[in-house]
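User: Could you take a close look at one part of this model for me, the place where the two chains meet? I'd love a connected walk through it.

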Amino acid sequence: MLQKDIHNFLERYFNSNDCELLERYESMLHVQLTIELDKLLMNRPFYWHYQQMTGAEPNPMKLKLRTEQAEDGSGDGEFIHFGSPRLHQIFQSTKQLGSYIRLYENVMQNNQSYIPLVPWLGLNIKVSYQCDRKKDLLHSIGLNLINGIMVSEFQSLLQAKPLTPKIPDYCYTMSSMIKPVSGIKRIESYIEQSILEDDPQWSIDARKRWQEDEELLDHFYQDAEELPESYHVEKQALKELYEPKVIVQIINGGMFYLSNHTMMH
Amino acid sequence: MTFSIQHDQTWASDFLKRMDEDGPWANWELYQLALEAEKSLIIPEFLGLQAPRHIPHVQILPHQLEVARKVIEDMNGKGILADEVGLGKTIEAGLIMKEYMIRGLAKKILILVPASLVIQWTHELNTKFLIPAVPQKKAYVWEQCDVVVSSIDTAKRSPHRDIVLNQDYDLIIIDEAHKLKNKKTKNYEFVQHLKKKYCLLLTATPIQNRVEEVFNLVSLLKPGHLGNEEYFDEAYRSGKYNVQNEEKLKQLINKVMVRNRREDTGLEWPKRIVKTIPITLSPTERQLYESITNTRKNTTLAQQHAFSTITLQREVCSSREAVFLTLKAMSEKEGISDEARNSAINLMQEIENVDRNSKAEKALEIIQSIDDKVIIFTEYRATQLYLQWYLKQHGISSVPFRGGFKRNKKDWMTHLFKNHAKVLIATEAGGEGINLQFCQHIINYDLPWNPMRIEQRIGRVHRIGQEHDVHIYNFATENTIEEHILRLLYEKINLFENVIGDLDEILSRVGMKNIEQHIRDIFYDSDTDGEVRIKMDNLTSLLTYSDGEGDSYASEGHS
């Protein structure tokens with residue numbers, strides 16, 4: 001993310017959380033937090049505890065964020081860059097606020113007949129390949145809960161559509177043939193399959209590194225009559241360090257009811 | 001299968017609950033933002049460094065980046081960081097720590113440092129690396145905080161010890177790790193039992209001439225890397241020790257150690273311009289010096305005073321105040337003979353005849369001729385106080401500095417010196433982490449007998465960030481013990497011109513870590529100046545000879 005992207009991200013974030021923008025410049029935002037966001041971001045549980053107890057007028061804080069630093073370091077407000085704790089706190093909060101969703105395609109309806117909307121389960125999934133090193137992959141999968149068809153890059157397809165949180169007039173939702181709970185399972189096993197088809201060289205290499213270190217460790221203690229505790233501690237630590245594993249984590253997801261003419265195959 | 005697959009189920013259960021309860025549901029924009037945030041945090045490759053873009057305000061030098069890369073990619077996160085003093089080992093360690101944290105590979109982290117550096121490490125991690133490190137102050141910190149900085153002495157003591165040994169640390173960093181070279185110590189045993197995935201040992205002087213010390217340090221990091229003890233004994237310590245063997249050992253050590261030397265970094269280092277300033281004692285000062293020297297000829301006194309004569313001789317070369325304090329302490333010592341007490345009192349009376357301080361006058365002259373800030377280093381508190389007073393008499397403002405100052409007092413004094421005073425008068429290098437690179441002039445008012453301390457003094461200003469040449473003025477009082485030290489030893493080994501780091505290697509290679517004691521012995525056991533000269537020559541040739549040799553166990557730091 002460039003500084004410009006961060007600025008845009010922040011502006012969208014505060015807008016979508018219904019915060020009033022008090023000032024807005026190219027590289028500065030001054031916002032009035034809502035009570036909810038104050039609780040999420042400002043880390044002052046005691047204030048909110050007392051406010052609730054005394055029933056005083058709630059007074060959420062204002063936040064001034066800059067994405068460009070004045071050359072002499074002047075200018076009030078918090079400087080935000082990609083590594084700043086505040087941004088990561090905001091990132092974290094989006095996960096909390098944007099995890100579960102249900103949306104309907106906003107179909108334009110001319111004649112008076114009713115239009116069926118097909119239920120889709122959409123999941124954004126992070127796959128982490130981890131040993132003493134790590135890398136991640138993101139998948140965006142959509143599953144048609146009527147016919148079981150699965151599509152990748154689901155998120156970009158959604159982004160091209162008009163979506164609304166309320167079911168549009170003259171539309172009805174078809175009932176799922178596949179339950180959401182089995183839908184999740186299907187997507188998970190699809191992901192698993194794709195992981196298994198991947199090149200496993202990274203895990204073979206990690207096991208090799210693991211084995212080398214373990215052999216050194218065994219050699220180090222080979223003359224010991226009884227293996228001391230430090231041997232077992234180190235052995236366990238090597239396992240935790242090198243043992244290759246893949247962690248599949250759902251970032252967010254939800255139900256999407258889309259019109260049938262969607263060309264998803 | 002060569003790996004396992006784990007599914008995180010937390011999302012699914014909550015989602016199904018919301019399906020049943022018809023919400024609550026997020027809005028579309030926040031849903032997209034959550035995904036965008038995650039996308040920006042994705043680690044796209046096993047290799048490479050993510051950390052630098054998280055800390056854009058930190059200037060990371062190329063050799064520091066390379067060390068971080070090497071430790072992570074070639075050493076699997078277990079390494080001895082052994083750069084020479086001043087090249088930024090803390091930055092390297094912080095960079096590696098940050099990288100593992102960003103990748104989610106390290107969460108629980110323990111940093112063990114000397115007690116005097118706890119606050120500074122904490123501060124640097126928070127401000128430079130934006131890592132919320134906490135100094136260990138209360139017992140609950142061990143368990144409740146993820147990144148803890150503590151001294152090893154605290155951590156190994158009950159009740160902390162059991163708590164600490166029970167934690168599953170992902171990463172452990174140990175500063176000044178060369179102190180762990182002896183495996184019979186409690187500290188060694190403690191570290192050996194810590195559970196650690198990744199481990200960084202930081203040291204500026206890992207290369208000792210004793211192979212078992214190398215063995216012990218490496219065995220802490222990666223047991224078995226140098227074989228087990230018996231094997232190691234056999235291969236490297238017994239008669240089989242030879243060049244071929246040594247090369248092999250060096251290669252093995254290079255696999256777990258990175259060592260950059262100044263010349264490897266490609267950085268332009270400012271020059272050191274060294275001047276010896278001869279000082280002639282005034283007649284009364286000379287008289288006092290001779291009287292003290294004469295006490296050695298009195299055998300009963302000499303036995304009682306033992307090394308004190310040498311101490312007093314050195315002190316006369318600094319200030320009469322310094323001599324006075326030592327004499328006063330001697331005369332008040334219990335169990336001292338009347339003869340010794342009287343001789344101390346006589347000398348104290350003689351001090352009163354001293355009417356001026358030749359060195360202070362010279363110092364003033366130099367300070368006045370420099371249109372810039374000056375640091376004066378002295379060995380003695382009494383001299384420090386005197387100089388502060390003396391300079392003030394001449395309208396020059398100065399601030400004192402001692403190693404024993406608390407961290408914030410050190411910072412405050414540094415601040416005062418930088419912004420308000422012309423002179424800083426320090427009794428010690430002030431420990432690591434005090435950076436005075438805005439100053440380019442150092443007066444060595446008197447010389448320590450431990451050459452490493454001179455390196456540390458100069459290292460405060462001759463370091464990364466120094467943009468100008470550094471001027472060093474060494475005061476040498478003619479025809480005294482001080483001149484011997486300077487002329488016979490320090491100048492011959494080019495102490496002042498040599499860059500930091502060379503010396504510690506030389507000293508440790510010849511097994512001369514207690515060089516101070518050797519020097520003392522030379523002065524004490526020699527009857528004539530000629531004898532002193534010959535012995536010093538021998539010492540010097542030992543040091544310069546080994547200077548020309550290859551560095552036996554030193555890693556080359558780049559392969």
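Analyst: Happy to! Please keep in mind that this is a predicted model. Let's begin with the overall extent of the interface. On the chain B side, 72 residues are in contact with 84 residues of chain A. Together the two chains bury about 7300 Å², with 62% of that area on carbon and sulfur atoms. Three aromatic residues deserve a look here: B:W11, B:Y31 and B:F46 supply 12% of the area that chain B buries against chain A, more than any other three residues.

Now for the polar side of the story. Nine salt bridges are found across the interface of chain B and chain A. One of them joins B:D22 to A:R102, where the closest N and O atoms are 2.4 Å apart. There are also 30 residue pairs in polar contact across the interface, both partners being at pLDDT 80 or more.

Which element of chain B gives the most to the side that touches chain A? That is helix α2 of chain B, residues 28-41, with 14 residues. Taken by residue type, the side of chain B that touches chain A divides into 34 nonpolar, 20 polar and 18 charged residues.

The chains also meet through strand pairing. Strand β11 of chain A (residues 245-259) and strand β1 of chain B (residues 4-7) run parallel and are joined by four bridges. Within this pairing, A:I247 stands opposite B:Q6 of β1(B), a handy spot to start when you trace the two strands on screen.

Note on methods
Residues are numbered from 1 along each chain as its sequence is written. Chains are lettered from A and ligands numbered from 1 in the order in which they are written. This is a predicted model: local features need pLDDT of at least 70, side-chain atom pairs count only at pLDDT 80 or more; totals for chains, interfaces and linings use all residues. Side-chain values use heavy atoms; hydrogens and water are left out. Contact means heavy atoms within 4.5 Å. Buried area is the accessible area (1.4 Å probe) that two parts lose on being put together, summed over both. A salt bridge is a side-chain nitrogen of Lys or Arg within 4 Å of a carboxyl oxygen of Asp or Glu. A polar contact is a pair of N or O atoms within 3.5 Å; within protein, one must be able to donate a hydrogen and the other to accept it, and residues adjacent in sequence count only if both atoms are side-chain atoms. Ala, Val, Leu, Ile, Met, Phe, Trp, Tyr, Cys and Pro count as nonpolar, Asp, Glu, Lys and Arg as charged, and the others, Gly among them, as polar. Two strands pair if DSSP finds at least two bridges between them.
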